Amino acid sequence: MPSRRTVLAATAGVAATLAVSGTAHADEKRLRSLVSRMTLEEKVGQLFVMRVYGHSATAPDQADVDANLKEIGVRTAAEMIARYRVGGIIYFTWAHNTRDPHQIADLSNGIQKASLSQPRGLPVLVSTDQEHGIVCRVGEPATLFPGAMAVGAGGSREDARALGRIAGQELRALGIRQNYSPVADVNVNPANPVIGVRSFGSEAGAVAGLVAAEVAGYQGAGVAATAKHFPGHGDTAVDSHYGFPVITHSRELWEKLDAVPFRAAIRAGIDSVMTAHIQFPALDDSGDPATLSHPILTGILRGELGYDGVVVTDSLGMEGVRTKYGDDRVPVLALKAGVDQLLNPPSLDVAWKAVLKAVQGGELTEARLDESVLRILRLKARLRLFEQPYVSRGGVTRTVGTPAHLAAADRIGERTTTLLVNEKRLLPLSRRTHRRLLVVGADPASPSGTTGPPTGVLAAALTELGFTATALSTGTAPSAAVVAQAVAAARDVDAVVVGTYNVTAAGSQKTLVEQLVATGRPVIAVAIRNPYDVARLPTVTAFLATYSWTDVELRAAARVIAGKAAPRGRLPVPVQRADEPGKVLYPVGYGLSYGR
């Protein structure tokens, strides 16, 4: 970390210009004065939140230097800041930004130092997608919580608030001050390939309550929360990363369903709202994505919902926003629609120059840029970034992944596990009659790169609880040979635990489960992603839903199987029948308990 003398020198110019209190009552006149002294190029830079490769702001590994040169035309984060004066940087695991807590804190400090050392230097708003569950950029030893649908199954606003508070404290200690979470989408489409278990559920009121609670937790910890993906991405069968989804809800249905959690987030004082790259004809029939829609962002979000905070795009590298317009038009149209922050364009140089040219040519006014820059600076002031741009190594050690935080995550996890089937009251499993266990199933990659594999985690947790459990990874599409291997191994144990991942009618995961059931051994299925798997597996003896495959959910499931914790989760989404999708097999609120 920089010395105190370095910190004071780097921040002196800003501090002299801007003595901001860091509260909602920040000195508006001084913020406006600061904007008035910025060059046009500096204003354009403030609007961008960009990726950059490397674990260090000034000395990344050579492979990351090469990636930066190829994609951004600079070698390091510090060079990118000097050239483009970006207002924000987003961290990704794949960009090697998040190796370990102290490294992350050092990277954040290096980014701040690079920016504050520029003429009229401003602090950078560092962000990431730390939703927990299946979307997580910062991994262990930081505290990892159950994802949104698991929290929805727990149904506790207190737990959602605690998750936000603890996760926020850890992010802040790492220098990450804006989190692209919570997901405010209401997931009413079981086939949704991009939201699914990232949503709290299918009931608008329940989702709204948990969104507001999590927002309060994050922002109480000094981290900007972000409600996403406005105006609502919950009813689509297309992933906007790869296509251009169309939402066919009527305006009336949008008001009753999709809008409800966003209204709750705004009432809770949400700091930022992320746009969706979706068509929503009932709100704007132009065919433009919501990210580029003036009727949706300015007319509805700002006008009707009364929101005056920061609006950030979803990644501008996604196909959903690139289908209709070129990469040079997208950022300009987003600003004209009412966006403030332009997130992760494919080419920063193309996007930055396009915005600059639009102002110089009169398509955008400088006054329009000033509005967005002012909103961004107000947010930075509220987060006390002008006063406290740096973090300390001691703060990381005291805050990140503490025993108290880890214990809280486990407690929350135990309240989310949902028991949907329990034939012959097999569960809780007796160590006397079913000591020898085989754990098979899918082992999807860890969201953060630091957890799993699921079969190994389940087997280890069950062994720790007094069973003798062996793990055999069979994958998401087991071959006939792998199925035969699992069936042979099942004959030597007392029961089988199988982790399922998005089971389909004709898929070999279904074949695996059916052949395991045919051995006569009790089969306990654990859906490690979508709870809808239960409809495709009618012959299992017991079925649990964990809503994600990260360790905290899997440990909770093991404790429920062993009877060390009671199954307390209740379905936050309905499960339709596999043979008649129009009929509900298990309704919202369904979940079994252990009788005495």
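The exercises below, with worked solutions, concern the fold of a predicted model.

**Exercise 1. Overall build**

Task: State how many helices and strands the protein has, and decide why the protein counts as compact or not for its length.

Solution:
- Step 1. Counting the secondary structure gives 22 helices and 16 strands.
- Step 2. The radius of gyration is 25 Å, and the globule rule gives 25 Å for 596 residues, so the protein is as compact as a globular protein of that length.
- Step 3. For the extent along the principal axes, the C-alpha trace spans about 75 × 55 × 45 Å.

**Exercise 2. The five-stranded sheet**

Task: Find the strand order of the open sheet made of five strands, and name its edge strands.

Solution:
- Step 1. Reading across the sheet, the order is β4-β3-β2-β1-β8, with parallel pairing.
- Step 2. β4 (178-179) and β8 (342-343) are the edge strands, since each of them pairs on one side only.
- Step 3. Within the sheet, take β2 (residues 88-91) and β3 (residues 125-128): four bridges link them in the parallel sense.
- Step 4. To place the register of this pair, start from G88, whose bridge partner in β3 is L125.

**Exercise 3. The three-stranded sheet and the helix across it**

Task: Work out which strands stand at the edges of the sheet β5-β6-β7, and which helix lies across these strands.

Solution:
- Step 1. The three strands form an open sheet in the order β5-β6-β7, and they pair in parallel.
- Step 2. β5 and β7 (310-312) each have a single partner strand, so one side of each has no neighbour in the sheet and they are the edges.
- Step 3. On average, neighbouring strands here are turned by 25 degrees against each other, direction ignored.
- Step 4. β5 runs parallel to β6 (residues 272-275) and is joined to that strand by four bridges. One bridge pairs T226 with S272 in β6.
- Step 5. The helix is α12 (residues 294-304), which lies across β5, β6 and β7 and runs at about 135 degrees to β5.

**Exercise 4. Packing of α8 against α18**

Task: Describe how helix α8 and helix α18 pack, giving angle and axis distance, and list the residues that meet.

Solution:
- Step 1. α8 (residues 157-173) and α18 (residues 403-414) pack at about 150 degrees, and their axes are 11 Å apart.
- Step 2. Angles over 145 degrees count as roughly antiparallel, so α8 is roughly antiparallel to α18.
- Step 3. As for handedness, the two helices cross in a left-handed way.
- Step 4. From α8, the residues in contact are D159, A162, L163, I166, Q169 and E170; from α18 they are H405, A408 and I412.
- Step 5. Sorted by type, the residues of this contact are five nonpolar, two polar and two charged.

**Exercise 5. Backbone points to check**

Task: Locate the cis peptide bond between K228 and H229, the one from G452 to P453, and the residue R120 with its positive phi.

Solution:
- Step 1. K228 and H229 are joined by a cis peptide bond with omega of about 10 degrees. H229 belongs to strand β5 (residues 226-230).
- Step 2. The bond from G452 to P453 is also cis, its omega being near 0 degrees. P453 sits in the loop between β10 (436-441) and α19 (454-464).
- Step 3. R120 is not a glycine, yet its phi is positive, about 55 degrees. The loop that holds R120 runs between α6 (101-116) and β3.

Conventions. Residues are numbered from 1 along each chain as its sequence is written. This is a predicted model: local features need pLDDT of at least 70, side-chain atom pairs count only at pLDDT 80 or more; totals for chains, interfaces and linings use all residues. Side-chain values use heavy atoms; hydrogens and water are left out. Axes are lines fitted to C-alpha atoms, for helices over the stretch in contact, and angles run from 0 to 180 degrees between N-to-C directions. Angles under 35 degrees count as roughly parallel, over 145 as roughly antiparallel, 65 to 115 as roughly perpendicular and the rest as oblique. A crossing is left-handed if the near helix is turned anticlockwise from the far one by less than a right angle, and right-handed if clockwise. Contact means heavy atoms within 4.5 Å. Ala, Val, Leu, Ile, Met, Phe, Trp, Tyr, Cys and Pro count as nonpolar, Asp, Glu, Lys and Arg as charged, and the others, Gly among them, as polar. Two strands pair if DSSP finds at least two bridges between them. The radius of gyration is taken over C-alpha atoms; the globule rule is 2.2 Å times the number of residues to the power 0.38.
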